[in-house]
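Me: I would like a close look at a single part of this model. Please start from the overall layout, then pick one element and follow its neighbours outward. Short sentences are fine.

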Amino acid sequence: MNVLGIDLSLSSTGLAMLSDDGQVPVLSGSKRVAQQIDGYWYFGAVLIKKAGDTLQRWEDILCPILEWAQHAHKIMIEGYSFGSHMQYARALAECRGIVEYHL
């Protein structure tokens, strides 16, 4: 079973895949590591994109998430950060809505 964890961010979204059999394919992302911990394979990536217009940024975040989601049996998304500045909280909530809709 593959479990995808998503730490959604407008500047550096984190993705992590846990697998019990190590059969997760190569996935996109600017960083990718694989290691075995307690019998499970961990695959991680951090996606960091330059600031652009809002729609392009959302697409840059969404596309790799959807690629990873194709290989996941379960998906978990970290909750909202209520300590964030209000100006970013709205944009992040909108982005999360787009991601959840597509998933």
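Reply: The protein has two helices and five strands. Read from the N terminus, their order is β-β-β-β-α-β-α. The model is predicted. The part to look at is strand 1, residues 2-7.

Begin with its two faces. As a general rule, side chains in a regular strand alternate between the two faces of the sheet. In strand 1, the covered face carries Asn 2, Leu 4 and Ile 6. The uncovered face carries Val 3, Gly 5 and Asp 7.

Now the pairing. Strand 1 runs antiparallel to strand 2, residues 12-19, and six bridges join the two. They make a hairpin, with four residues between the strands. Strand 1 also pairs with strand 5, residues 74-77. Here the direction is parallel, and the bridges number four. Strand 1 therefore has two pairing partners by the rule that at least two bridges make a pair.

Val 3 shows both pairings in one residue. Its bridge partner in strand 2 is Leu 18. Its bridge partner in strand 5 is Lys 74. Further along strand 1, Asp 7 stands opposite Gly 14 of strand 2. Both Val 3 and Asp 7 belong to the uncovered face.

Turn to the covered face and Leu 4. Setting aside residues up to four places away in sequence, Leu 4 touches Leu 15, Ala 16 and Met 17. These residues fall within the 12-19 range of strand 2. Leu 4 also touches Lys 74, Ile 75 and Met 76. Those lie in the 74-77 range of strand 5. The contact list further includes Ile 65, Trp 68, Ala 69 and Ala 72. Of these, Ile 65, Trp 68 and Ala 69 fall in helix 1, residues 54-69.

That leads to the nonpolar core. The largest one has 18 residues. Leu 4, Leu 8 and Ile 65 have the most contacts inside this core. At least two core residues come from each of strand 1, strand 2, strand 4 (40-48), helix 1 and helix 2. Helix 1 gives the most, six residues. So Leu 4 is a contact hub of the core, by the definition that joins buried nonpolar residues through side-chain atoms within 4.5 Å. Leu 4 and Ile 65 also touch each other.

How does this fit the whole chain? Of the 103 residues, 29% count as buried. Take the contacts between residues at least 6 apart in sequence: 58% of them join residues at least 24 apart. The protein exposes about 6,700 Å², and carbon and sulfur atoms supply 55% of that area.

Charged pairs come next, and they sit in helix 2. In general, side chains of opposite charge can pair when their charged atoms come close. The count is two salt bridges. One joins Glu 94 to Arg 90, with the closest N and O atoms 3.4 Å apart. Both residues lie in helix 2, residues 86-102, four places apart, or about one turn. Glu 94 is partly exposed at 33% relative accessibility. Arg 90 is exposed at 62%.

The other salt bridge joins Arg 96 and Glu 100, 2.6 Å from N to O. This pair is also four residues apart in helix 2, so about one helical turn separates the two. Arg 96 is buried, because its 14% relative accessible area is under the 20% limit. Glu 100 is partly exposed at 40%. Glu 100 and Leu 62 lie 38 residues apart in sequence, yet their C-alpha atoms are 9.7 Å apart in space. Leu 62 falls within helix 1, residues 54-69.

Last, the cysteines. A search of the whole structure finds zero disulfides. Cys 63 is partly exposed, with 42% relative accessible area. Cys 95 is buried, at 1%.

Back to strand 1 to close. Its antiparallel partner is strand 2, and its parallel partner is strand 5. Its covered face includes Leu 4, one of the residues with the most contacts inside the largest core.

Terms used
Residues numbered from 1 in each chain as written. Predicted model: local features only at pLDDT ≥ 70, side-chain atom pairs only at ≥ 80, totals over all residues. Heavy atoms only, no water. Disulfide = S-S within 2.5 Å. Buried < 20%, exposed > 50% of the residue type's maximum accessible area, 1.4 Å probe, protein only. Salt bridge = Lys/Arg side-chain N within 4 Å of Asp/Glu carboxyl O. Contact = heavy atoms within 4.5 Å. Areas by Shrake-Rupley, 256 points an atom, 1.4 Å probe, with all protein chains shown as cover.
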